[in-house]
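Me: I am new to this structure and would be grateful for a close look at a single part of it. Please describe how one pair of helices packs together.

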Amino acid sequence: MPLEPLLIVELVLLGLATGFLAGLLGIGGGMIMVPFISAMLGARGVAPGLAVKMAIATSMATIIFTSISSVRAHHKKGAVRWDIAWRLAPGIVLGAMVASLGVFALLKGAALYFVFGGFVTFSAVQMYLDRKPAPTRQLPGTAGMLGAGGVIGFLSGLVGAGGGFVSVPFMTWCNVAIHNAVATSAALGFPIALANVAGYVVAGQGLTGLPPYSFGYLWLPALVVIASCSVLMAPVGAKAAHALPVKKLKRAFAVVLLILAAYMLYKGVAALG
């Protein structure tokens, strides 16, 4: 698979778009990258089941870089709830390692399409409906935060996202302000990505049918180009997030997720055929 100019252009555009949305919505960009990278790989002869796994792993790897850029911009505005991030991080790392080292490698590609689409749809609907949490609801204790972090890390490992599709609704459900939830989700993207990428590299060793320039499940050309471009755009998205009203931010988050969930569910049905 040569690195033709068209592929480079596609990856640059994808990187710019995902970087902006990572900063804007706190989703780490994975929700955008997975559908597009899987389509790029499929168009270049990679089997659908392997393409979606490589797309998930590669998108997660780029989050290591975009999360750093995005969280710096949010931190300058004092929006990151570091107390929440530190309480969720241990569970996130445990959940991510279980997903990327074990479950991810065992699941068939079609199943991952459905997992991706199903959980994203649920999160998007909750966000779009803007259901108000009980005024007295607060973040859970240590055990509850460990469990919540584990779920966020595990699901992120299966779908290649920075966890915002779970962590943002979870935090807003516990009465954390939406701008704080988005900023804190950006901070959580780093431990989620680091733990999962380590698992993807180990689990992908010795696989057959990988395209050139692969490292385990990682597709290195996409990682390098997308990460380089998205890091430039993430601060722009973060700045835009603080300029938008709360309701519009929630609706934008939900619409993006619903569109991509529908696409991935469609791909899952096609993979079954």
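Reply: The following account concerns one helix pair and then turns briefly to a salt bridge. The model is predicted, with local features requiring pLDDT of at least 70 and side-chain atom pairs pLDDT 80 or more, while totals for chains, interfaces and linings use all residues. Residues are numbered from 1 along each chain, and side-chain values use heavy atoms, without hydrogens or water.

Helix 3 (residues 48-76) packs with helix 8 (residues 178-203) at an angle of about 150°, their axes being 7 Å apart. Helices are DSSP runs (H or I, at least four residues), numbered from the N terminus; axes are lines fitted to C-alpha atoms over the stretch in contact, and angles run from 0 to 180 degrees between N-to-C directions. The crossing is left-handed, that is, the near helix is turned anticlockwise from the far one by less than a right angle.

Residues in contact (heavy atoms within 4.5 Å) include I56, M60 and H74 in helix 3, and F190, N196 and Y200 in helix 8. By class, this contact has 18 nonpolar, five polar and no charged residues; Ala, Val, Leu, Ile, Met, Phe, Trp, Tyr, Cys and Pro count as nonpolar, Asp, Glu, Lys and Arg as charged, and the others, Gly among them, as polar.

Before helix 3, in the loop that follows helix 2 (30-43), lies R44. The side chains of R44 and E4 form a salt bridge (2.9 Å, N to O), defined as a side-chain nitrogen of Lys or Arg within 4 Å of a carboxyl oxygen of Asp or Glu.

Technical notes: Helix = DSSP H or I, 4+ residues; strand = E, 2+ residues; numbered from the N terminus.
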